[in-house]
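Please look through the sequence and the structure shown below before reading on. The paragraphs that follow take up a single residue, then the meeting of two chains, and then the cysteines.

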Amino acid sequence: MAETIISVRGLKVYYYTLSGVVRAVDGVDLDIARGEWVTIVGESGSGKSTLALSMMGLVLPPGRIVGGSVLFDGVDLTKLSGEELRRLRGKRIGVIFQDPSAYLDPLRTVGSQIAEAVLEHGVASSESDAWRIAEEALEIVGVPASRARAYPHQLSGGQRQRVAIAAAIALNPDVLIADEPTTALDVVVQARIIELLKGLQRRRGLTIVMVTHDIALAGEVSDRIAVMYSGRVVEWGSAERVIGSPLHPYTRLLIDSVPDLWSRRKVRSIPGEPPDPRRPPSGCRFHPRCPLAVEECRSRQPPRVSAADGWAECFFAGEAGGGR
Amino acid sequence: MAGDLLVVEDLRVYFPLYRSLLERLLGRPYKIVRAVDGVSFTLGRREVLAVVGESGSGKTTLGKAILGLVKPVSGRILFDGVDLARAKGGEARRVRRRISAVFQDPYKSLDPLMPVGEQVAEPLLIHRMAGRSEARRMAMEMLEKVGLTPASEFYWRRPHQLSGGQRQRVAIARALITQPDLIVADEPVSMIDVSLRASILELLESARRELGVSVILITHDIATARVIADTVAVMYLGRIVEYGPIDAVVEDPRHPYTAALVTSTPSISRRRPPRFPVKGEIGDPANPPPGCRFHPRCPLALEECRRVEPPSASDSGRTYWCLNPLGPGGLWRGVEA
């Protein structure tokens with residue numbers, strides 16, 4: 001496997017809210033290789049966004065990293081100052097979110113916003129250089145350079161997301177964190193944005209960490225998938241294996257619960273409800289919903305059972321009818 | 001047809017677009033959004049029809065028109081023979097209570113302060129279909145039916161004490177309590193946790209099976225639609241572009257937009273057709289393209305698609321509006337970008 005670019009070790013990120021401590025990320029280990037596409041899949045409240053954003057040291061109050069480390073290219077982000085993090089972000093780790101209009105300035109042209117970031121991070125030395133880089137970045141993402149003089153509201157939702165991607169890649173980062181980047185878009189536009197990201201990964205060697213609740217989308221585009229449940233990565237491995245023969249009962253049941261347009265299998269909900277992250281169940285956090293759960297699952301954190309390409313945290317990993 | 005519960009004929013719903021003060025002072029004319037612009041279909045008893053389209057397609061406005069929440073500018077909505085747009089007074093009320101709604105966000109559609117059981121019982125009181133104690137008994141029964149057991153406990157809970165999935169069950173119980181003939185469900189699972197969506201769809205399916213209800217399922221996700229729908233209407237910029245049995249429309253569509261929609265939907269299945277290439281994004285419903293509204297994005301567009309509104313054509317049970325449709329099996333052979 002290629003060189004590791006992000007290494008997460010024993011990471012714990014908790015939110016200290018008035019109604020209790022939310023253990024959004026509660027003991028996660030992951031190694032992400034340079035140039036690969038990793039997707040973190042989970043339901044709302046699983047901690048998937050918190051995990052992805054903490055990989056760029058972005059943890060907003062009342063959240064705090066309470067344990068573990070995030071090594072980015074050998075540097076522990078949890079030890080850096082705010083200023084050091086700011087320099088790293090953008091320049092080496094870019095980010096795009098679900099709603100690009102939330103962070104594009106509505107009063108300035110998209111080109112000038114990209115050019116400003118380019119100048120600030122020292123990627124260009126003059127304004128005209130910065131503007132040229134902004135236009136190039138727009139062309140790369142399929143927005144005509146002439147649109148650099150457009151304001152965000154003059155663009156469609158898909159184009160705004162392209163602009164956000166252009167702003168991220170103009171700084172030529174190693175890693176792009178994409179937090180539900182297509183959730184607000186229609187499915188036809190989604191497919192084209194994903195194609196664009198896939199091209200950037202392949203042609204520029206960009207490492208992509210995407211967050212989504214859509215396991216089918218994850219299966220289509222990723223090299224590797226991390227399945228999150230209640231603050232823990234319960235399964236990790238190659239996309240093909242995780243989708244094709246999941247080791248963890250949650251992964252398997254999640255796949256079975258989602259309608260798939262091209263297979264006529266019956267969908268079944270997972271019994272019970274996702275847990276309250278302020279009061280996660282003891283032992284294996286999935287045990288109250290798991291058809292395989294035994295006494296041990298209630299009391300003990302399950303071991304990490306290895307597979308050739310990853311692992312699953314389950315006493316019965318692999319016995320859950322893995323071969324689908 | 002005698003067996004049809006709902007007949008929609010050439011329905012048009014237009015909205016005036018907001019004008020700024022300056023535009024008003026200058027006497028600029030209203031811009032009109034043609035949200036629904038000439039839609040016709042029929043719905044049988046016990047039929048589940050999915051209305052599928054992206055945002056801006058008019059699918060939600062169509063649902064609202066059927067629910068009487070927006071007024072059409074022209075066309076007819078015949079429910080069991082009564083024209084909903086023209087019915088008045090007692091007749092209107094009698095017909096309306098046979099149509100129920102389920103919305104996307106069960107938190108917004110429920111009263112935060114009222115016990116959920118009372119909210120399930122409320123429509124019976126509003127429509128004077130039962131007295132207070134009778135309504136309470138029926139609401140308990142309905143809570144059991146939608147899986148909120150023990151009902152005697154759930155009855156007194158407030159919405160914030162329930163999960164999203166449970167709240168949507170309450171909304172469905174409230175919709176079913178009046179024994180409607182039709183439920184219009186607008187994105188009923190979009191805000192529900194992924195792992196629980198199937199059970200909400202199953203609930204709508206059992207309402208059809210056990211209570212004989214017809215369902216109009218409005219959704220952006222054609223994979224969700226395929227779980228419970230018999231027929232599908234694919235909408236694009238205010239028009240239905242293809243309509244027919246959902247298996248036929250998904251597996252072997254005629255309209256290029258349907259082809260784009262089904263091949264863009266993420267799937268983990270090995271058996272799937274190649275991506276159908278389209279350009280750009282859905283146009284502005286206030287300013288739809290002339291001719292076929294899909295032509296600017298369509299890889300199969302002909303010169304005349306820019307000028308001519310495509311007439312309807314039929315082929316083995318499905319109807320489509322396209323001058324240069326895919327042939328049988330065309331989806332699986334693919335198209336060059």
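Is B:A101 buried, partly exposed or exposed? In this predicted model, B:A101 has a relative accessibility of 27% and therefore counts as partly exposed, since that class lies between the 20% under which a residue is buried and the 50% over which a residue is exposed. The residue is found in strand 6 of chain B, which covers residues 99–102. Leaving aside its neighbours within four places in sequence, B:A101 is in contact with B:L67, B:A175 and B:V184. Another residue to look for is B:P180, which stands 79 residues away from B:A101 along the chain, while the C-alpha atoms of the two are separated by 9.8 Å.

From this one residue we can turn to the interface between the chains. The size of an interface is often given as the accessible area lost when the parts come together. Between chain A and chain B the buried area is about 3,400 Å², and carbon and sulfur atoms give 56% of that area. In chain A, the residues that lose the most area to chain B are A:V188, A:L261 and A:W262, which together make up 26% of what that side buries. The contact takes 41 residues from chain A and 41 residues from chain B.

Polar and charged groups also take part in this interface. There are 22 residue pairs in polar contact across the interface of chain A and chain B, counting pairs in which both residues have pLDDT 80 or more. The count of salt bridges between the two chains is two, and in a salt bridge the side chains of B:R272 and A:E220 meet at 2.3 Å, N to O. On the side of chain A that touches chain B, helix 5 (157–169), helix 6 (187–204), helix 7 (215–221) and helix 9 (249–257) of chain A each supply at least two residues, and the largest share, seven residues, comes from helix 6. By class, that side of chain A has 17 nonpolar, eleven polar and 13 charged residues.

The cysteines remain to be considered. A disulfide is a covalent bond between the sulfur atoms of two cysteines. Over all chains, the structure holds zero disulfides. In chain A, the sulfur of A:C290 has its closest cysteine sulfur in A:C314, at 6.1 Å, which is too far for a bond because a disulfide needs the two sulfur atoms within 2.5 Å. In chain B, B:C322 is likewise in no disulfide, and the nearest cysteine sulfur, that of B:C298, is 6.2 Å away. With a relative accessible area of 12%, B:C322 is buried, and A:C290, at 17% relative accessibility, counts as buried too.

Notes
Residues numbered from 1 in each chain as written. Chains lettered and ligands numbered in written order. Predicted model: local features only at pLDDT ≥ 70, side-chain atom pairs only at ≥ 80, totals over all residues. Heavy atoms only, no water. Buried < 20%, exposed > 50% of the residue type's maximum accessible area, 1.4 Å probe, protein only. Contact = heavy atoms within 4.5 Å. Buried area = accessible area lost by both parts, 1.4 Å probe. Salt bridge = Lys/Arg side-chain N within 4 Å of Asp/Glu carboxyl O. Polar contact = N/O pair within 3.5 Å; in protein donor to acceptor, adjacent residues only side chain to side chain. Helix = DSSP H or I, 4+ residues; strand = E, 2+ residues; numbered from the N terminus. Nonpolar A, V, L, I, M, F, W, Y, C, P; charged D, E, K, R; others polar.
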